[in-house]
Amino acid sequence: MESLKRTKGRQSLKLKFIEEKNSRIVSFSKRRNGIFKKASEFAVLTGSDIAIYITNLSGKTYSFAHPNIESVESQFLEQTLSSESILELPQEVRVREIIQLLDEVCDNLKEEEQRATIVMDKKDLRAKNVWEDPIGKLTPDEAEKVKKQLGEWRTIIFNILDQQTQRGRAT
C-alpha cells in the first residue's frame, strides 16, 4: 500500500514581504511567541541580557526581556556597561590572561638566563681550588693544604652541630 501525503509538511519558505494585510497579521500573531521563545532559549544558553520590542501594524507593542526589562533598559539607555565589556567574551578574557602569564614566564626566563650567565662568568673567573683536582695528581704540599682545609671544615661542622643539639635540649 502506498501512503499518500496529505500535506507538504514543514518547508522553509523564502523570506518576502506578505502583501495581504490579514495574512501579515495572522503570521505576526503566530510567529511572535516563537521569536520570544527563541530569545528566551538564547538568553539561557548564553547568559545574555535580552530585550525585544515588537510593534504590530495596529501600533500595539509587545516586549520580552531577560532577566527583567528595567536592568536591560538601564544598561542600554544609561550605558552603564562600557562597550568593551559588553562585547568582551569569556574566551577573550581567558586568552588575555594566558598571554599575560606567558609574558611573565618569558620575563622570568630572561632573568634566569642573566643569572646563569653571571654564575658561569664567576665560575670561570674563580681560582681553581686544590681539592678540585684528582687526589693522585696532588703534590705533597697540595695534599697537606687539602688535609688542613678539611680539618677546618670538620671543626666548623661539629661546632654547628653542637650548637643545634644544645638548642634542642634547651627547648
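1. Ile-156 sits in helix H5, which covers residues 140-170. In this predicted model, Ile-156 has a relative accessible area of 48%, so this residue counts as partly exposed. Ile-156 also belongs to a nonpolar patch on the surface, together with Leu-150, Trp-153, Ile-157, Phe-158, Ile-160 and Leu-161. Taken together, the patch residues offer about 650 Å² of accessible area. If you are colouring the surface by residue type, this is a good place to begin.

2. A word on the overall layout, to help you find your way around. The protein has 5 helices and 2 strands. Following the sequence, you will meet them in the pattern α-β-β-α-α-α-α. The protein has 171 residues, and 9% of them count as buried. That figure is worth keeping in mind while reading the residue-level points below, where both buried and exposed positions come up.

3. Now to the charged side of things. Asp-103, Glu-104, Asp-107 and Glu-111 form a negative patch on the surface. Among them, Glu-104 is placed in helix H4, residues 90-125. Is there a reason to call Glu-104 partly exposed, and what is its label based on? The relative accessible area of Glu-104 is 40%, which is why it is described as partly exposed.4. Helix H4 also carries one of the salt bridges, of which the structure holds 2. Here Arg-115 pairs with Glu-112, and their closest N and O atoms are 2.4 Å apart. Both residues lie in helix H4, with a spacing of 3 residues, about one turn of the helix. Arg-115 has a relative accessibility of 47% and therefore counts as partly exposed. Glu-112, at 44%, is likewise classed as partly exposed.

5. For another salt bridge, turn to helix H1. Lys-38 is paired with Glu-41, the closest N and O atoms being 3.9 Å apart. With a cut-off of 4 Å for a salt bridge, a separation of 3.9 Å between Lys-38 and Glu-41 is accepted. Lys-38 and Glu-41 are both in helix H1, 3 residues apart, about one turn of the helix. Are the two partners buried, partly exposed or exposed? Lys-38 counts as exposed because its relative accessibility is 58%, whereas Glu-41, at 35%, counts as partly exposed.

6. Staying in helix H1, which spans residues 21-46, have a look at Val-44. Its relative accessibility is 61%, so Val-44 counts as exposed. Val-44 and His-66 are 22 residues apart along the chain, and their C-alpha atoms are separated by 8.8 Å.

7. His-66 brings us to a peptide bond you may want to inspect. Which form does the bond between His-66 and Pro-67 take? The bond is cis, with omega at about 5 degrees. As background, most peptide bonds are trans. Pro-67 is located in the loop between S2 and helix H2, the latter being residues 69-77.

8. Last comes the loop between the strands. Asn-56 is found there, between strand S1 (50-55) and strand S2 (61-66). What does the side chain of Asn-56 contact? A polar atom of that side chain lies 2.8 Å from the backbone nitrogen of Lys-60. Asn-56 has a relative accessible area of 18%, and the limit for buried is under 20%, so Asn-56 is buried.

Methods
Residues are numbered from 1 along each chain as its sequence is written. This is a predicted model: local features need pLDDT of at least 70, side-chain atom pairs count only at pLDDT 80 or more; totals for chains, interfaces and linings use all residues. Side-chain values use heavy atoms; hydrogens and water are left out. Patches are made of residues with over 30% relative accessible area and no salt bridge: like charges are joined within 9 Å, nonpolar side chains (Val, Leu, Ile, Met, Phe, Trp, Tyr) within 5 Å. Accessible areas come from the Shrake-Rupley method with a 1.4 Å probe; for residues, only the protein chains shown count as cover. A salt bridge is a side-chain nitrogen of Lys or Arg within 4 Å of a carboxyl oxygen of Asp or Glu. Lys and Arg count as positive and Asp and Glu as negative; His and the chain ends are not counted. The place of a charge is taken as NZ of Lys, CZ of Arg, CG of Asp or CD of Glu. Helices (H or I, at least four residues) and strands (E, at least two) are DSSP runs, numbered from the N terminus. Buried means under 20% relative accessible area, exposed over 50%, partly exposed in between (1.4 Å probe, protein chains only). A polar contact is a pair of N or O atoms within 3.5 Å; within protein, one must be able to donate a hydrogen and the other to accept it, and residues adjacent in sequence count only if both atoms are side-chain atoms.
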